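Trainee: I should like to test the terms we apply to a structure against the values behind them. May we begin with the salt bridges?

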Amino acid sequence: MTNDALTAKMTSPWDAPLEPAQIPSPLHPVHHPLLDAQGVRLWCKRDDLIHPTLSGNKWRKLKYHLQQAQAQGKTHLLSFGGAYSNHIHALAAAGLRSGLRTTGIIRGEADTVSNATLSAAKGWGMDLVFVDRQSYRRRQDPDWLAQFEAPDTLIVPEGGSSPLAIPGVAELVAEVPFSPDLWVLPCASGGTLAGLIAGKRAREQILAIAVLKGGGFIADEVCRLYPAAAITDGWRIALDHHDGGYARFSPALWQWVQAFSAHTGLPLEPIYSGKAMWGLFRELAAGRIPRGSKIVFIHTGGMQSFTQQSRGVVTAT
């Protein structure tokens, strides 16, 4: 099917994979009484505005995967994700935009995980292969991965988190025209954090808010992706703001996110950036961030998930 034919099939409101990316993404000041009380200045790096479907950290993490595919003459991208994966959604859009065939290995059964994310990916030409959870756990096992290897195929790790993601994320730092005291971002697979560690200046600190329960493994994954992180000072992962686990959130958190967005005009969702902003404000209230700090918060996208979330679709992984 041609790109024109696929484009004609798009029906969902966020379907615009062929529009150009907005780089650098905007940097918006955020105002709030707690920030004023502590003399803290906060800006949001609006990576959610990079592209309608290739937004946030997904655009940055896929950039060099796409360049490698082109350099190696690959015509097929294959990756992994859950039923509501922003990465799968973005990879399908990237394939359409780049003229590459795409395959998504999806955790779950086809008759139980049909939703707008997968419908959009399928509409953009992605082949969806559903596997049970036991098989999906082997997605980093070389013996299991061998069945998907082919001369024309580039296998992209889940979430786009591989060493190729590092330079794309690191480029974000130079887009900010000053040196903040602290960078803040949501964290799940570790790829965006690894890239930010690679790009940050020596004096700058990083606070990553783990959005999933049991995130102790993330630090090891960051060091696997970017070995120099193990000897780089100035970064930490806060593990106690997950609010129940990945894709889970309490009514209190959801109300906080809605109130914060209404007050600041900053759109957030409760899975990634909203949970991370909530974590940042809890850290501020607890006195764990110095008064007078200049902070840049990275909005990593995921608003497509928010659209589904607001309809009550996403409740758990």
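Mentor: We may, bearing in mind that this is a predicted model. A network of salt bridges links K45, D47, R60 and E175, and the structure holds 13 salt bridges.

Trainee: Why is the contact of E175 with R60 called a salt bridge?

Mentor: The closest N and O atoms of E175 and R60 are 3.0 Å apart. The cut-off is a Lys or Arg side-chain nitrogen within 4 Å of a carboxyl oxygen of Asp or Glu, so the pair qualifies. E175 lies in the loop between α8 and β7 and R60 in helix α3 (residues 56-71), so the pair ties together parts that are 115 residues apart in sequence.

Trainee: What makes R60 a buried residue or an exposed one?

Mentor: The relative accessible area of R60 is 1%. Buried means under 20%, so R60 is buried.

Trainee: How do you know what to call the contact between R101 and D152?

Mentor: The distance from N to O is 3.5 Å, and the limit is 4 Å; the side chains of R101 and D152 therefore meet in a salt bridge. This pair links distant parts of the chain, with R101 in strand β4 and D152 in the loop between α7 (142-145) and β6, 51 residues apart.

Trainee: Which class of accessibility applies to R101, and which to D152?

Mentor: R101 has 40% relative accessibility and D152 has 27%. The class between under 20% and over 50% is called partly exposed, so R101 counts as partly exposed, and so does D152.

Trainee: What makes the pair of E158 and R139 a salt bridge?

Mentor: Their closest N and O atoms are 2.8 Å apart, and the criterion asks for a separation within 4 Å; the term therefore applies to E158 and R139. E158 sits in the loop between β6 and α8, and R139 in the loop between α6 (133-136) and α7, 19 residues apart. E158 is partly exposed at a relative accessible area of 30%, and R139 is partly exposed at 24%.

Trainee: Which class does Q255 fall into?

Mentor: Q255, found in helix α11 (residues 251-264), has 52% relative accessibility. Exposed means over 50%, so Q255 counts as exposed. The C-alpha atoms of Q255 and P270 are separated by 9.5 Å, with their positions 15 residues apart along the chain.

Trainee: Let us turn to the sheet. What makes β3 and β4 paired strands?

Mentor: Strand β3 (residues 76-81) and strand β4 (residues 101-107) share six bridges in the parallel sense. At least two bridges are required, so these strands count as a pair. One bridge partner in β4 is I106, which is matched with G81.

Trainee: Why are β5 and β6 said to stand at the edges?

Mentor: The open sheet has four strands in the order β5-β4-β3-β6, with parallel pairing. β5 (127-131) and β6 (153-155) each have a single partner strand, so one side of each is left without a neighbour in the sheet. From one strand to the next, the twist averages 20 degrees. Helix α4 (residues 86-98) packs on the sheet and touches β3 and β4; its direction makes about 170 degrees with that of β3.

Trainee: Which residues have the most contacts inside the largest nonpolar core?

Mentor: They are W183, L193, L196, I206, V222 and W235, in a core of 25 residues. A core of this kind joins buried residues such as Val, Leu, Ile and Trp through side-chain atoms within 4.5 Å, so these residues are under 20% in relative accessible area. Among the elements that each supply at least two residues are α8 (165-174), β7 (182-187) and β8 (205-210), while α9 gives the most, with four residues. Beyond its neighbours within four places in sequence, V222 is in contact with G190, L193, A194, I197, A229 and W235. A second, separate core has 24 residues, including V30, A238, L268 and A276.

Trainee: How much of the protein is buried?

Mentor: Buried residues make up 54% of the 317 residues. In helix α5 (residues 116-123), the buried residues are T117, L118, A120, A121 and G123. G125, which follows α5, has a positive phi near 100 degrees.

Terms used: Residues numbered from 1 in each chain as written. Predicted model: local features only at pLDDT ≥ 70, side-chain atom pairs only at ≥ 80, totals over all residues. Heavy atoms only, no water. Axes fitted to C-alpha atoms, helices over the stretch in contact; angles between N-to-C directions. Contact = heavy atoms within 4.5 Å. Buried < 20%, exposed > 50% of the residue type's maximum accessible area, 1.4 Å probe, protein only.
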